[in-house]
Amino acid sequence: MQKEKIGLILTGGGARAAYQVGVLKAVAEFLPYRAKLPFKVICGTSAGALNAVTLAVNARHFRKGVRYLLNIWSNAHATDIYRADALGVLSNSLRWVFGLLLSVMGSNWLNRVSLLDNSPLRDFLERALPCELIQRHIDDGLVHAVSITASGFGSGHSVTFYQGATDIKPWKRTRRVGVPTQLDIQHLLASSAIPFMFPAVHVNREFFGDGSVRQIAPISSALHLGAQRVLVVGVGHSATDDEEKRPKIEHYPTLAEIAGHALDSIFIDGLEVDLERLQSINRTLKAIPEELHKSLDLRHVEALVISPSQPLEKIAERYIHNLPWTIRLLLRLAGVMRGSGANLVSYLLFDKYYCRALIDLGYQDALQRREEIMAFLEQGGAPPCHDLAQ
């Protein structure tokens, strides 16, 4: 019997993606020390794309790839991602202001302006990720497919750029397409270009921004690429009944609160809606005879979801002071130090202490679900749990 292909879906979320590394650390410890990558299909979006490509590049030794991610995120600093020096922040802010003024006069100069300059991220990715190894691992059968999703500003499409086995066919659905390509740093930069925060990136025939924007079906790409069951590592906390009670808020929302709300919509809502749809389809299939499944062009897909057990914005509140003073000043002007402004910070806080806290949370959350994770992996044909190295 052919082993089922397990897909790994790593969603976007800026600095919140450090949580995914904690989950992966636990999974690596569940498996034999020299285990290969247990996921044949890897799909990453935004910061999750960095984690996905790192795993694909290190597919021959899963634990080595996770160690590499741990080193990246445990030593993260804002200056590794965007310019935080006074000159860089001031010049970028002035370009933003003048861009707004010039746009009133019909100039398109604002099109090239973003709130933050992420040139350090490009330099880091070019040094750290030899993307040419992806094809070698595909040819060796270690990986079936890897994908990075970005959002096209011209077409309005959610575009999944993928590199994989030759039998994978491109797809086109409403507002989303799958395009075969050779993945490189440009795709990573495009997928992680948070609107307004980071500049759009030109790939092929249009400019692209963060892949979580307009990504209405995050799980779909993994299924198109051949996954038959999926492990999803999200970055949004599932609220309890007590937390879902609507508080009474009298003050007018600050710019930071509005921005944080918008980022939640971009990075979290699409996944939650897609999971609800998947669960609804699975329930429907259980209620009808199996012989009708093919005629309906539907199949049962098992999805295991790991998400934070605590609100990440609450953790971010403890580390806001670790941001460079220039960024703190910029965010304070946006009202980030009041109300729930920390929600915005939770996406931008590339700080090693904050990231280590998220890694530890992800690790503990995965440990709590060890048996469930191992049962899921073993059903997909992953190596059994033995020879653990603590």
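**Exercise 1. Strand pairing around β8**

Which residue in β8 is the bridge partner of Val-203? Determine also how β8 pairs with β7 and with β3 in this predicted model.

*Solution.*
1. The bridge partner of Val-203 is Glu-206, a residue of β8.
2. Strand β7 covers residues 201-203, and its pairing with β8 is antiparallel, with three bridges.
3. β7 and β8 together form a hairpin, with two residues between the strands.
4. Strand β8 (residues 206-209) also pairs with strand β3 (residues 145-152); these two run antiparallel and are joined by two bridges.
5. On the β3 side, Gly-152 has Phe-208 of β8 as its bridge partner.

**Exercise 2. Positive phi in loop residues**

Describe the backbone angle, the location and the accessibility class of Asn-204 and of Arg-175.

*Solution.*
1. As background, most residues other than glycine have a negative phi.
2. Asn-204 is not a glycine, yet its phi is positive, at about 55 degrees.
3. Asn-204 is located in the loop between β7 and β8, that is, in the turn of the hairpin.
4. The relative accessibility of Asn-204 is 57%; the cut-off for exposed is over 50%, so Asn-204 counts as exposed.
5. Arg-175, likewise a residue other than glycine, has a positive phi near 65 degrees.
6. The loop that holds Arg-175 lies between β5 (171-173) and β6 (176-180).
7. Arg-175 has a relative accessibility of 40%, and therefore counts as partly exposed.

**Exercise 3. The environment of Thr-54**

Is Thr-54 buried or exposed, and which residues does Thr-54 touch beyond four places away in sequence?

*Solution.*
1. Thr-54 belongs to helix α2, which spans residues 47-57.
2. Its relative accessibility is 0%; buried means under 20%, so Thr-54 counts as buried.
3. With residues up to four places away in sequence left out, Thr-54 touches Gly-65, Tyr-68, Leu-69 and Leu-129.
4. For one of these partners, Leu-69, the sequence separation from Thr-54 is 15 residues, and the C-alpha to C-alpha distance is 7.2 Å.

**Exercise 4. Whole-protein totals**

How many helices and strands does the protein have, and what share of its residues is buried? Characterise its contacts and its accessible surface as well.

*Solution.*
1. The secondary structure consists of 15 helices and ten strands.
2. Of the 390 residues, 53% are buried.
3. Among contacts with a separation of 6 or more, 76% are between residues 24 or more positions apart.
4. The exposed area of the protein is about 18,800 Å², of which 54% is supplied by carbon and sulfur atoms.

Methods: Residues are numbered from 1 along each chain as its sequence is written. This is a predicted model: local features need pLDDT of at least 70, side-chain atom pairs count only at pLDDT 80 or more; totals for chains, interfaces and linings use all residues. Side-chain values use heavy atoms; hydrogens and water are left out. Helices (H or I, at least four residues) and strands (E, at least two) are DSSP runs, numbered from the N terminus. Buried means under 20% relative accessible area, exposed over 50%, partly exposed in between (1.4 Å probe, protein chains only). Contact means heavy atoms within 4.5 Å. Accessible areas come from the Shrake-Rupley method with a 1.4 Å probe; for residues, only the protein chains shown count as cover. Two strands pair if DSSP finds at least two bridges between them.
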